[in-house]
Amino acid sequence: MTALRTVTVDGSPVHVLESGTGPAVLMLHGSGPGTTGSGAWAATAQALGTSWHLVAPDQAGFGRTPIPAGSRGGLRLWTEQAAGLMDALGAEHYAVVGHSMGGAVALALAAARPQQVTRVVAVSTMGAPGAPLSAELDAIWAAPAGPHGARDMLSRLVLDQALVTESAIAARADAMRAGAAAFASLFPPPRARWADELTLPARTLAGIRAPVLLVHGAEDRVTPLSTAALPLLEHLPDVRLHVLGRCGHVPALEHPHDFRRLLTCFLGPEQGH
């Protein structure tokens with residue numbers, strides 16, 4: 001059973017896709033304009049079935065979750081809101097799956113909530129100390145709302161351009177237009193500062209107790225393997241890396257069967273305590 005609902009976190013609404021029952025798994029989307037929790041994770045959640053209680057929010061400034069009054073967005077807000085959401089849902093222990101920006105949030109959450117976060121899957125992740133803003137991510141953050149911007153952005157995200165279908169472009173263009181005002185406030189130029197804000201200090205990474213699985217595409221140009229994933233191997237105490245060949249920035253879309261198998265194995269029944 002999949003449901004969409006709104007949960008109040010610290011007085012602000014958070015729009016959430018939920019499915020299944022069992023051990024809780026928080027799923028955090030990335031930072032591209034038009035991204036939402038359901039858009040990023042609905043297909044994965046459906047394919048995973050009902051073995052876990054999957055929670056996929058629109059993070060603040062994305063989809064139908066507003067940026068709280070007096071805030072700008074950013075890693076601290078997204079981390080605190082994710083923690084508050086799981087508290088509101090009564091989840092004492094949970095795994096976190098995060099894509100790109102969501103990977104940085106997942107790692108920050110694991111550092112902030114060591115008693116709650118049982119495992120982390122960081123996919124095409126940001127967060128590595130010193131990781132620069134890639135030209136591809138700069139272009140994605142700058143993509144104008146509408147079909148042209150959607151096509152350009154999607155073409156940068158995936159290696160196989162056959163995945164950039166007209167229906168995908170139309171859906172993303174609609175989502176970009178709907179969220180344009182909020183998104184414009186998140187990553188205004190110059191954008192390198194926002195990539196810097198999404199990096200975690202080495203001491204923070206070193207303090208993460210939860211086992212971490214890094215999943216990365218060998219052909220990822222948005223968060224390149226060499227600057228995004230490989231440096232994390234030096235900082236995380238309990239880490240493993242799975243690299244998918246012929247894969248860009250979105251393993252869940254480009255290699256869905258391999259991706260789901262990785263999740264199923266790593267988030268095995270023991271993760272729920």
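Tryptophan 78 is buried in this predicted model, with a relative accessible area of 2%. Its ring has company: the centres of the phenylalanine 62 and tryptophan 78 rings sit 6.2 Å apart, and with the planes at 50° the pair counts as tilted. Along the chain the two partners are 16 residues apart, with phenylalanine 62 in the loop between strand 4 and helix 2, and tryptophan 78 in helix 2 itself. Phenylalanine 62 is buried too, at a relative accessible area of 1%.

Zoom out a little and that pair turns out to belong to a bigger group. Phe62, Trp78, Trp141, Phe183 and Phe187 make up one aromatic cluster. Across the whole structure there are six aromatic pairs.

**The sheet**

Now for the strands. There are eight of them in an open sheet, in the order 1-2-4-3-5-6-7-8, and the pairing is mixed. Strand 1 (2–9) and strand 8 (239–244) are the edges, each pairing on one side only. From one strand to the next, the twist averages 20°.

Three of the pairings are set out here, each with its bridges and direction.

| Strands | Bridges | Direction |
|---|---|---|
| strand 1 and strand 2 | eight bridges | antiparallel |
| strand 2 and strand 4 | four bridges | antiparallel |
| strand 3 (residues 24–28) and strand 4 (residues 53–57) | three bridges | parallel |

If you want to find these pairings on the model, a few residues make handy landmarks. Threonine 6 has histidine 15 in strand 2 as its bridge partner. Valine 16 is bridged to proline 57 in strand 4, and valine 25 to leucine 54, also in strand 4.

Two helices pack on this sheet. Helix 1 (residues 37–48) touches strand 2 (12–19), strand 3, strand 4 and strand 5 (94–99), and its direction makes about 165° with that of strand 4. Helix 2 (residues 75–88), the home of tryptophan 78, touches strands 1, 2, 3, 4 and 5, and its direction makes about 110° with that of strand 1.

What about the turn between strand 1 and strand 2? That hairpin has two residues between the strands, and aspartate 10 takes a positive phi near 50° there. Strand 2 is mostly covered, with seven of its eight residues buried.

**The nonpolar cores**

In soluble globular proteins, nonpolar side chains tend to be buried together. Here the largest nonpolar core holds 63 residues, and Leu26, Trp78, Leu107, Val120, Trp141 and Phe187 have the most contacts inside it. Helix 3 (residues 101–112) gives the most to this core, with eight residues.

Which residues does valine 120 contact, once its neighbours within four places in sequence are set aside? They are Val96, Ala106, Leu107, Ala110, Ala210, Pro211, Val212, Leu213 and Phe266. Apart from the 63-residue core lies another, of 23 residues, with Leu17, Met27, Leu262 and Leu267 among them.

**A loop valine**

Valine 164 is found in the loop between helix 5 (147–157) and helix 6 (166–178). Is valine 164 buried or exposed? It is buried, at a relative accessible area of 13%, which falls under the 20% limit for that label. Not counting residues up to four places away in sequence, valine 164 touches Arg151, Leu154, Ser155, Val158 and Ile169. Its C-alpha atom is separated by 9.4 Å from that of alanine 150, which is 14 residues away along the chain.

**The cysteines**

How many disulfides does the structure hold? Zero. As a reminder, a disulfide is a covalent bond between the sulfur atoms of two cysteines. The closest cysteine sulfur to that of cysteine 247 is in cysteine 265, and at 17 Å it is too far for a bond. To count as a disulfide, the sulfurs would have to lie within 2.5 Å. The view from cysteine 265 matches, because its closest cysteine sulfur is in cysteine 247, 17 Å away and too far for a bond.

The surroundings of the two residues are worth a look as well. Cysteine 247 is buried, with a relative accessible area of 0%, whereas cysteine 265 is exposed, with a relative accessible area of 59%.

Notes
Residues numbered from 1 in each chain as written. Predicted model: local features only at pLDDT ≥ 70, side-chain atom pairs only at ≥ 80, totals over all residues. Heavy atoms only, no water. Buried < 20%, exposed > 50% of the residue type's maximum accessible area, 1.4 Å probe, protein only. Pairing = 2+ DSSP bridges. Axes fitted to C-alpha atoms, helices over the stretch in contact; angles between N-to-C directions. Contact = heavy atoms within 4.5 Å. Core = buried A, V, L, I, M, F, W, Y, C linked by side-chain atoms within 4.5 Å. Phe/Tyr/Trp six-rings, centres within 6.5 Å; stacked < 30°, edge-to-face > 60°.
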